[in-house]
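Colleague: Could you take a close look at one part of this model for me, the spot where two helices come together, and then walk me outwards from there?

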Amino acid sequence: MKIVIVDDDPLVCQSLKLMLELEDDFVVIGTAGNGQEAISFCKGSDENPDLILMDIRMPVMDGIESTKQIKKDFPHILIMMLTTFQDEPNIRLALQAGANGYLIKSTAEKNMTQQIRALQSGSSVFDETVVQKLVEPRADRLDMLTDRESAVAERVAQGLSNKEIAEYLFLSVGTVRNTLSVILDKLELRDRTQLAIFYLRHKK
């Protein structure tokens, strides 16, 4: 797995590089000190990274704006926010920008490598404290869902697209889209990412 580390602290970049390259399947192909450098690396490198570990607060360009631009031009690149910030506004802005995961820098080394591999396998990865910020305790609202809505919610939690859900449940894509809107409204959730986290956390 080819990784780029983006952090304005050179010591953080170096320590993460040393840690990650102890793993046989990880190689750090570059580091950047701000979001603009990260964009330049992706555009100028002969080999695109598979994953970017992205800090949030940096000079020149922050990690959220950088994530938004990289995801626009290179949607296949996975971006894991790796930051000290645990406040809800930063978390939501990062997810809206397209981040695939959100970890806190205090995450244990062994857990961090496991989380990166989970992200690579297609799972969304969030620190437990982040999950608590995103999902308020509304578990009983799952009982409000119809059988069809529950089936759609479950497939969203599994990472399926609307088209894949439609094929799996023998529905039209439009029906899936409308059902998803109803689910989000009932559960007072904002998007599919919140729905996936909420469902996996509270399913019985």
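Modeller: Sure, let's begin with Glu149, which is buried at a relative accessible area of 9% (buried is under 20%, exposed over 50%, partly exposed in between, with a 1.4 Å probe and protein chains only). Bear in mind that this is a predicted model, where local features need pLDDT of at least 70, side-chain atom pairs count only at pLDDT 80 or more, and totals for chains, interfaces and linings use all residues. Residues are numbered from 1 along each chain as its sequence is written, and side-chain values use heavy atoms, with hydrogens and water left out.

The side chain of Glu149 pairs with that of Lys186 in a salt bridge, 2.8 Å from N to O (a side-chain nitrogen of Lys or Arg within 4 Å of a carboxyl oxygen of Asp or Glu). Lys186 sits in helix 9 and Glu149 in helix 7 (residues 147-157), so this pair links distant parts of the chain, 37 residues apart (helices are DSSP runs of H or I with at least four residues, strands are E runs of at least two, both numbered from the N terminus). Lys186 itself is partly exposed, at 21% relative accessibility.

Glu149 also turns up in the surroundings of Thr179: leaving aside neighbours within four places in sequence, Thr179 is in contact with Arg148, Glu149 and Val152 (contact means heavy atoms within 4.5 Å). Thr179 belongs to helix 9, residues 173-187, and is buried, with a relative accessible area of 8%. Its side chain reaches back to the backbone oxygen of Thr175 at 2.7 Å.

Now for the other salt bridges. The whole structure has 10. Asp73 and Lys43 meet in one at 3.8 Å, N to O; Asp73 lies in helix 3 and Lys43 in helix 2, so the pair ties together parts 30 residues apart in sequence. Of these two, Asp73 is partly exposed at 41%, whereas Lys43 is exposed at 56%. Another joins Lys17 and Glu21 at 3.0 Å, N to O, with Lys17 partly exposed at 26% and Glu21 partly exposed at 34%. There is also a network of salt bridges linking Asp7, Asp55 and Lys105.

Note on methods. Polar contact = N/O pair within 3.5 Å; in protein donor to acceptor, adjacent residues only side chain to side chain.
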